[in-house]
Amino acid sequence: MNLDRRSFLKCAAACSAMAAAGSIFPGISFADWKKQEGASGMITWKKAPCRFCGTGCGVLVGVSGDRAVAVKGDPNCSVNKGLCCVKGYHSVQALYGADRITTAKVKRDGKMVEVPIKEALDIVAAKIKETIDKHGKNSVAIYGSGQWTIPDGYVASKLFKGCLGTNNVEANARLCMSSAVTGFMTSFGIDEPMGCYEDIDHANVFITWGNNMAEMHPVLFSRILANRKRRKDVEIIDFATRSTRSSQASDKSILFKPQTDLAVANAICHEIIRNNWVNWDFVNKHVSFHKGKTNIGYGLEDKFQFADQEEPLTFDQYKAFLDDYTPEKVEKISGVPARDIKYMAALYGDPIKKVTSFWCMGMNQHTRGTWINNLVYNIHLLVGKISTPGSGPFSLTGQPSACGTVREVGTLTHALPHGGVANAEDRAMAEKIWDLPAGSIDPKPTYHTVEMFRALDRGDIRFIWIQVTNPMVTLPKLKRYREGALKEDRFVVVSDVYPTPTTDVADVILPAAMWIEKEGLFGNSERRTQHWEQIVPPPGEAMSDTWQIIEVARRLGFEKQFPWSETEYIGKIWEEYRRFHEGPKHNMAPYTVLKERSGVQWPFVNGKETRWRFNPVYDPACDKGRDFHFYGQKDNRAWIWARPYEPAAESPDKEYNFWLNTGRVIEHWHTGSMTMRVPVLYNAVPSSYVEIHPDDAADLGVVNGEMVKIISRRGSVTMPASILGRGVPPRGQVFVPFFDERYLINEVTLDAFCPISKQPDYKKCAVKLEKA
Amino acid sequence: MPIFAYLAIPVEGGKDTLAAELTALPHCEVIPADNKDILILVTDAPDEKAERNLQNKLQKISSLQSLSMTFGCSDQPEKERGDHES
Ligand code: SF4
């Protein structure tokens, strides 16, 4: 054991040096390390996708005995070609925090007591039955995650939507990706990016929209920087609301006022048309024009309802709509100089340059998230820069399986593994594959995430099972939802690997197997499905989330739907799930192929992966004889939408005079429940902070590290100031990373959301500051 | 029982010499980068005295331009933290 620990520490030491080298010298490679491990003969290496972000880097996990001791980038994985970021290199240490949950606990007389996991699962099943008997099927819910494996999400949907007949299935990807989904669905009629990471090796111009890639997608950003170094004709534009590491590394940093990206995107289209940079051949053949409702609200009230109404437009009507968005007019709204708007338009409009736009939370966590996704697609469609190597709009994912588990399996209230609950054919398909009587699936969606927790607060939902996520840190306007979860006659089950503020509100805690302690599959940002086998045993009684659901389903009498054995259930589930996606638009690779490779991109047809969709050279779903085929929409065209600029739900005023923006840092994953337990990552950034512009800090009389109270109409939090740190907001704005549960910034945020996607806006609300 | 990791930068053209010299020292493992003039040095001295000796030897290597430490640990199981409690 002593030898193991030492070997583990030496690997950690080497990993930290590699991570440091990687951040200083992008593209640096240490493939020779393989020779080192051969010398010791102690370590065997197994492939897996990284546990953390949606980039989906392939890693090789070094195992000594029963313990994972090291990580290196998988040189065979095309995503990262052997590179990792600091989180990836230290990821296995997240398995071994001292306070891992290894036994089940249930609340008795107000105290959590340990019980055998079988007893806890009996209680969970009995409580689901009792709650349905008393309050109806829509009083029970499951809330999962973009970190659920694909089988986790699939069995959750099968049990709740299929067997129990309630559409109370949601996942935290609603908080990070749903605007991307509704953006794709409204513009293209089908979800997920048309391009792939290989675009990076072809593009001449990268425009990042509110996206700090250097910290959030560092391996992809390194690939961009390596391309800029290798090729002379590469330029990076960082279009953002604050200066970050990405701004520093970019060729040009352009700052805009929060929410005004809507106006700037329209102004870019205005300029493209005014200068006749429109690709008329492409537009005439492949684009149609549309408008929807305006003044669509912000979802602040309970039971808020919205349904958009599409109307066709002519090109001339669209052009007239853009009259309000001249660069000069938009400069006044956005603070972006007209010359910079014209510069971006000229880059998109240059027929020689290949342009890739990247975005992630900045555009998705937005009360007009669907609209801003549409508007960036508009730019690419007007100039025909889409679905070809190096040219395309690319919506990046935050979580490792937001695409694989939530978007593809359909673990959202309205969705099914194929299509949606409202569609009779889709329901019939699911009932057939799931071996359920016709009519088992309810045609009406119930609650999206924010409304689900409002329903828990109101008492419409009485039982909720939370897996692989930490909503008592991440929900906006947190106080209401925490108090709701703690109300009498609410029953909360939490499956997790460490104690969190969410396990603090639990009536039952189930110990979960984490990442490589179980077999699983993720799906990353570029339609790549990634399989890994169980590499190390889980601790104590920890059990995979999939198996927990299967155990409960069987206790509820659904043995027929969940018949698999513990040794083969993942492969069987995958092959059953794959039936939903048969056909050239979404065919998934067989289990045997996924086991062998470091990820496979769908559509996987006749043994071939699809790198660019809607382009017949690459995409087998396109009709032959066309140059492009946007087969998702009923008119076989991509849709350009006239979407106006509308203000944020809450903007600074005289009393609450600062914008609050929240987000992440490179070292920590989401709420920090894993990475704060990794010594190297904890020591790198041991605490959250509030970034303040130096002049605002001087006005407040605070210096670096002094405590500042951030107050909104909903709550307050007091935390240390960071002045001229790694990120610098403009005057009148502050930024807070949300990874630190000791500073619950979501006590302060607002639960306004995009009325179309129902995704909350974590990037904008009004606060005031006081020196604490 | 200290374990340290460093980024080792050689003097110009001295990467191979530095790799050989560091590998020859006791308690040292070297991982050279494939595509940059940089090496990773992991040291694993059994005690403080051996560590001091090693440091003295490192200072005398002429092919070494600079060493920057990225990791340091004394191999005593540290009390691990439960952040949720703080
Ligand atoms: S970039 Fe994302 S997937 Fe890649 S190593 Fe880092 S956290 Fe993991």
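The lining of the second largest cavity divides into eight nonpolar, four polar and one charged residues. The model is predicted. In total, 13 residues line this cavity. A:Cys50, A:Cys53, A:Thr55, A:Cys57 and A:Cys85 lie nearest its centre. Two elements of chain A, H3 and H8, each give two or more residues to the lining. The space in the second largest cavity comes to about 110 Å³. Rolling a probe the size of a water molecule over the atoms shows where empty space is left. The count of cavities of 30 Å³ or more is five.

The ligand sits in the second largest cavity. Helix H3 (86-89) and helix H8 (218-230) of chain A are the elements that give two or more residues to the shell around the ligand. Several cysteines belong to the residues around the ligand, including A:Cys50, A:Cys53, A:Cys57, A:Cys84 and A:Cys85. The glycines A:Gly56 and A:Gly88 are also among the residues around the ligand. So are A:Phe52, A:Thr55, A:Lys87, A:Pro218 and A:Val219. By class, this shell has eight nonpolar, three polar and one charged residues. The lining of the cavity, for its part, has eight nonpolar, four polar and one charged.

Chain A is divided into four stretches or sets of stretches. Domain 1 covers 1-31. Domain 2 is made of 114-176, 413-518 and 540-557. Domain 3 joins 178-396 with 628-642. Domain 4 spans 658-749. The centres of domain 2 and domain 4 of chain A, taken over C-alpha atoms, are separated by 32 Å. In the contact between these domains, domain 2 of chain A supplies 16 residues and domain 4 of chain A supplies 13 residues.

Two features of the backbone were also noted. Most residues other than glycine have a negative phi, and most peptide bonds are trans. The peptide bond from A:Trp602 to A:Pro603 is cis. Its omega is near -5°. A:Pro603 is placed in the loop between strand S20 (600-601) and strand S21 (638-642) of chain A. A:Ser387 is not a glycine, yet its phi is positive, at about 60°. The loop that holds A:Ser387 runs between helix H16 (369-383) and strand S14 (392-395) of chain A.

Note on methods: Residues numbered from 1 in each chain as written. Chains lettered and ligands numbered in written order. Predicted model: local features only at pLDDT ≥ 70, side-chain atom pairs only at ≥ 80, totals over all residues. Heavy atoms only, no water. Near = heavy atom within 4 Å. 1 Å grid on protein atoms, 1.4 Å probe; cavity = no way out; pocket = protein on both sides within 12 Å on 5 of 7 lines; lining within 4 Å. Sits in = over half its atoms within 2 Å of the grid points. Helix = DSSP H or I, 4+ residues; strand = E, 2+ residues; numbered from the N terminus. Nonpolar A, V, L, I, M, F, W, Y, C, P; charged D, E, K, R; others polar. Points joined across faces, edges and corners; volume = space filled by probe spheres on them. Domains from an automatic or database assignment. Contact = heavy atoms within 4.5 Å.
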